[in-house]
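Q: Please take one part of this structure and look at it closely, namely the helix that is numbered fourth. I would like a connected explanation that also places this part in its surroundings.

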Protein chains: 2
Amino acid sequence: MSAAAESQREVLQVGPLTILPDENLARASGRALMLSSRELRLLIELARRADRIMSREQLYSLVWGRELRAGDRSVDVYVRKLRVKLESALPGWCFIHTHFGFGYRLAPEPSQHDNGRFTTD
Amino acid sequence: MSAAAESQREVLQVGPLTILPDENLARASGRALMLSSRELRLLIELARRADRIMSREQLYSLVWGRELRAGDRSVDVYVRKLRVKLESALPGWCFIHTHFGFGYRLAPEPSQHDNGRFTTD
DNA sequence: ACAAGTTGTTCACGCCTGTTTCACGCGCGG
DNA sequence: CCGCGCGTGAAACAGGCGTGAACAACTTGT
């Protein structure tokens, strides 16, 4: 890889999360996360479409590279693995939000998930 | 993703509300709302005819895809659910207005509950 | 090649959310 | 004051999703 390719390196910033796909690495407030290959890949694909709802079919296709079979819960399982590690690394933050019947959405939010209740005082 | 496909996407703007039917998502001042399938669908159909009075029969037909049966209060129930979540996300705004005997109308208005209402105990 | 640890996949149980329906009471309009 | 439309809470039901664990596949060290 040349210096030109280096300058193109993708850097995904999601709140206190920094994801470097080309380095196979994600950092939480600077500290490297210990993610497996699939976990990181899922986080990357979620982060590339941050704040957008991604269906299980889309995520499976992006991460596993093939079509999701009916009844396959792989995405759910890896979403959980990610949630556990992210919660462990950044307590008080909520990143992966479930949209019932649709899929998941990545967005950095404080644990108070009372969607839109602000004290403007 | 081409620019052509992107330009076809429906975007409904209702005051501080942004509704993206193709993404199954609605935002309040940029923040994603947590709406169920039916709630979102109802909001979409209301927003597509914003500022127009929609009868329960019309709304039910658009959202549920079949004819409203006599005595069915489903539309009322979901209007309430939407009102609660919208009020929670955007305090001080009133979006769904009741037209007695006719139906509902979606329009962004500041909540002006100071017009002559007092508690006489 | 074998053992041990790690990662990936599948399964089943049950909670929790969403949907439908019902009932009660208030309010609007006549 | 009366009647019906509407607001509202909650029960009942269904199924999507969270979760732990067993099992398989892969990696690493000796």
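A: A helix here is a DSSP run of H or I with at least four residues, and helices are numbered from the N terminus. With that in hand, and keeping in mind that the model is predicted, we can begin with the surface near DNA strand D, to which helix H4 (74-89) of chain A and helix H4 (74-89) of chain B each supply at least two residues. This strand has 16 residues around it, and those that come nearest are Asp76(A), Arg80(A), Thr98(A), Asp76(B) and Thr98(B). Sorted by class, the surface near DNA strand D consists of six nonpolar, four polar and six charged residues.

The H4 helices also take part in the surface near DNA strand C, where H2 (37-48) and H4 of chain A, together with H2 and H4 of chain B, each supply at least two residues. Around DNA strand C there are 18 residues, of which Ser36(A), Ser37(A), Arg38(A), Ser36(B) and Ser37(B) are the closest. In this surface the classes are four nonpolar, six polar and eight charged residues.

It helps next to see how H4 sits against H2 within chain A. A pair of packed helices is described by the angle between their axes and by the distance between those axes. For H2(A) and H4(A), the axes come within 10 Å and cross at roughly 90°, which means that H2(A) is roughly perpendicular to H4(A). On the H2(A) side, the residues that meet H4(A) are Arg38(A), Glu39(A), Leu42(A) and Leu43(A), while H4(A) brings Tyr78(A), Lys81(A) and Leu82(A) to this contact. Its residues divide into four nonpolar and three charged, with no polar ones. Arg38(A) therefore appears in two places, since this residue meets H4(A) and is also among the closest to DNA strand C.

In chain B, H4 can be followed into the interior. The largest nonpolar core has 26 residues, and those with the most contacts inside it are Ala26(B), Leu42(B), Leu43(B) and Leu46(B). Strand E2 (17-20), helix H2 (37-48), helix H3 (56-64), H4 and strand E7 (103-110) of chain B each supply at least two residues of this core, and H4(B) gives the most, with six residues. Leaving aside neighbours within four places in sequence, Leu43(B) is in contact with Ile19(B), Ala26(B), Leu35(B) and Leu82(B). A second, separate core of 22 residues includes Leu17(A), Ala26(A), Leu86(A) and Tyr104(A).

Just ahead of H4 in chain A, the loop between helix H3 (56-64) and H4 holds Ala70(A). Is this residue buried or exposed? Ala70(A) is exposed, because there are 4 other C-beta atoms within 10 Å, and a residue counts as exposed if that number is 12 or fewer. Between the C-alpha atoms of Ala70(A) and Arg56(A), which lie 14 residues apart along the chain, the separation is 11 Å.

Finally, the wider setting can be added. Chain A has four helices and seven strands, arranged along the sequence in the pattern α-β-β-β-β-α-β-α-α-β-β, and buried residues make up 20% of its 121 residues. The contact of chain A with chain B takes 12 residues from chain A and 13 residues from chain B, and the side belonging to chain A has four nonpolar, four polar and four charged residues.

Key: Residues numbered from 1 in each chain as written. Chains lettered and ligands numbered in written order. Predicted model: local features only at pLDDT ≥ 70, side-chain atom pairs only at ≥ 80, totals over all residues. Contact = placed C-beta atoms within 7 Å. Nonpolar A, V, L, I, M, F, W, Y, C, P; charged D, E, K, R; others polar. Near = placed C-beta within 6 Å. Core = buried A, V, L, I, M, F, W, Y, C linked by C-beta atoms within 7 Å. Axes fitted to C-alpha atoms, helices over the stretch in contact; angles between N-to-C directions. Parallel < 35°, antiparallel > 145°, perpendicular 65-115°, else oblique.
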